[in-house]
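Visitor: I'd like to go through this model with you and keep asking how each label is earned. Could we begin with how far to trust it?

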Amino acid sequence: MPLLLLAVAAASCATNPVTGRRELSLVGESQEISMGQEGAKAAAAQMGVYPDSALQRYVNALGQTLAKASERPNLPWRFTVIDDPIVNAFALPGGPIFVSRGILAHMNSEAQLVSVLGHEIGHVTAKHSVSQMSKQQLLQIGLIGAMVVKPELQQFGGAAQQGLGLLFLKFGRDDETQADELGFRYMTAANYAPTEMAAMFRTLERLSGGETSRGTPEWMSTHPDPGNRVQKTQQRIQSSGMSFASAKVERDAFLRRIDGVVFGEDPRNGYFQQAAFIHPTLKFRFDFPSGWRMQNGAEQVVGASAPGDAQIALTLAGTVAPQQALAKFLQQQGVQAGATSTSPVNGNAAAVGQFVAQNQDGSQLAGYIAYIQLDGTTYQLLAITPRAQVQQYDGMFRQTIGSFQRVTDPRLLNVKPQHVRIVSLRSAMTLTQFNQQNPSVIPMAALALINGVDATAVLPAGMMVKRVVAE
């Protein structure tokens, strides 16, 4: 029997809790939950949890109500708002679900939030992640077997792995359709108006293609579009034969909940000014090489060269003394120490060392490791590249390490985040008139988008309207 068929024969099957059908499953429920929990820890650490306990309780309570009425009520469900300005929501295997503050700022009712939570719950209840992992594992089993029989296929192993996502893209689209259907089912069972699901999809589509967007929102890029979601939602409403006249929307109640939520990047967590990274709360700055791509995460700030062959990362090292931290790093197995220095960096205690490290594949990496202390906190700057290219980047590495310094300029320290604020209209007016009376720091097109209205719309008296202000 061919090796791939042997793998299929050895694979176990399980009943899908949503469809009731038997299907391939190489991942048991306990393993699914464990993987999801580990992934949730990583997601929270990488993106950060939004520091608003009331908003966290609100979102979690809504999600728990939906999940407990689903096909898998006994999973350890948890719904978390991440401190991310990107419009996004995602589910991990076994129950962890995340929504960003960025997507909350673009919602206009509790029913819209419920529609997104229901969609993500659907991915978990239908075991979409488990199905994808099982298919990938099975293909890997077959691929490994083929390599044993035909060693010349080994060179294609990496390409096959990279192609897995494209190979199963159609399943992703099918999964999206099913998650939409399940989200529709869950929200209507909880007596929420499904017209708000269509409104949410309309906002995401506008964000994807409008002039106010910075490109496709993360939610759209990670959730392959199965077609016209607005039209399909309307078809589901019609085919249900139900009247949703009394279904819940809870627009005002939701807007009160997000009043004050941070909008866009929060400069208090650090921000970029051209090649410089500035942290106003911790009062330091340093400069990446010009032209590098940079990203600020919850646990580290990273910059990468344009070709991607060099990287500089800043992380916290605690309160350990710089010399002690450097000695511990250089004593690691596989690390070969080079020249070291304990000279201060811009008046701050520091310890810097060159090193060469052995990679797992036998290749060698080289660069600098620097520990710099400011106000009792030690920061680690790791600059690394393949050993053969270390001379090319040596000057850039040293310049970045040498640029670390205290920030004292009030203009850099006193930057303010932008917040969503809710205004109740005393009289009817256009959005343009509203913006004249209640100015926002975002363009009119973006203001219309986050309010889910057209720029020319007339807003009735008593309507709650969002504005974005710097406070």
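Guide: Start with residues 1-11, where pLDDT (the predictor's confidence in each residue, from 0 to 100) stays under 50. For that stretch the model has 11 contacts beyond four places in sequence, a contact being heavy atoms within 4.5 Å. Residues 210-214 are also below 50, with eight contacts beyond near neighbours in sequence. Where pLDDT is low, the predicted coordinates should not be read in detail.

Visitor: What is the mean pLDDT of the protein?

Guide: The mean is 85, and 82% of the residues reach 70 or more. This is a predicted model, so local features need pLDDT of at least 70 and side-chain atom pairs count only at 80 or more, while totals for chains, interfaces and linings use all residues. Residues are numbered from 1 along each chain as its sequence is written, and side-chain values use heavy atoms, with hydrogens and water left out.

Visitor: How many helices and strands does the protein have?

Guide: There are 18 helices and 21 strands. These are DSSP runs numbered from the N terminus: H or I over at least four residues for a helix, E over at least two for a strand. Buried residues make up 48% of the 471 residues.

Visitor: What makes strand 3 and strand 4 edge strands?

Guide: Each pairs on one side only, and pairing takes at least two DSSP bridges between two strands. Strand 3 (78-82) and strand 4 (89-91) are the edges of an open three-stranded sheet with the order 3-5-4 and mixed pairing. Neighbouring strands there are turned by 15° against each other on average, direction ignored.

Visitor: How do you know that strand 3 and strand 5 pair?

Guide: Count the bridges: there are five between strand 3 and strand 5 (residues 96-100), in the parallel sense. Two would be enough, so the pair qualifies. Ile-82, for one, has Ser-100 in strand 5 as its bridge partner.

Visitor: Which helix packs on the sheet and touches strand 3 and strand 5?

Guide: That's helix 3 (residues 53-68), whose direction makes about 145° with that of strand 3. Such angles run from 0 to 180 degrees between N-to-C directions, with axes fitted to C-alpha atoms, for helices over the stretch in contact. Helix 5 (residues 110-125) lies across strands 3, 4 and 5, at about 25° to strand 4.

Visitor: Gln-112 is in helix 5. Why does Gln-112 count as buried?

Guide: Its relative accessibility is 5%, and buried means under 20% relative accessible area, exposed over 50%, partly exposed in between (1.4 Å probe, protein chains only). Therefore Gln-112 is buried. Beyond four places in sequence, Gln-112 touches His-106, Met-107, Glu-196, Ala-199 and Met-200.

Visitor: What makes the link from Gln-112 to Glu-196 a polar contact?

Guide: The two side chains meet at 3.1 Å. A polar contact is a pair of N or O atoms within 3.5 Å; within protein, one must be able to donate a hydrogen and the other to accept it, and residues adjacent in sequence count only if both atoms are side-chain atoms.

Visitor: And why is Gln-364 called partly exposed?

Guide: Its 29% falls between the two cut-offs, so Gln-364 gets the middle label. Gln-364 sits in strand 15 (residues 364-374), and its side chain makes polar contacts with the side chains of Gln-358 at 3.3 Å and Arg-387 at 2.7 Å. Gln-364 and Arg-387 are 23 residues apart in sequence, yet 5.6 Å apart from C-alpha to C-alpha.
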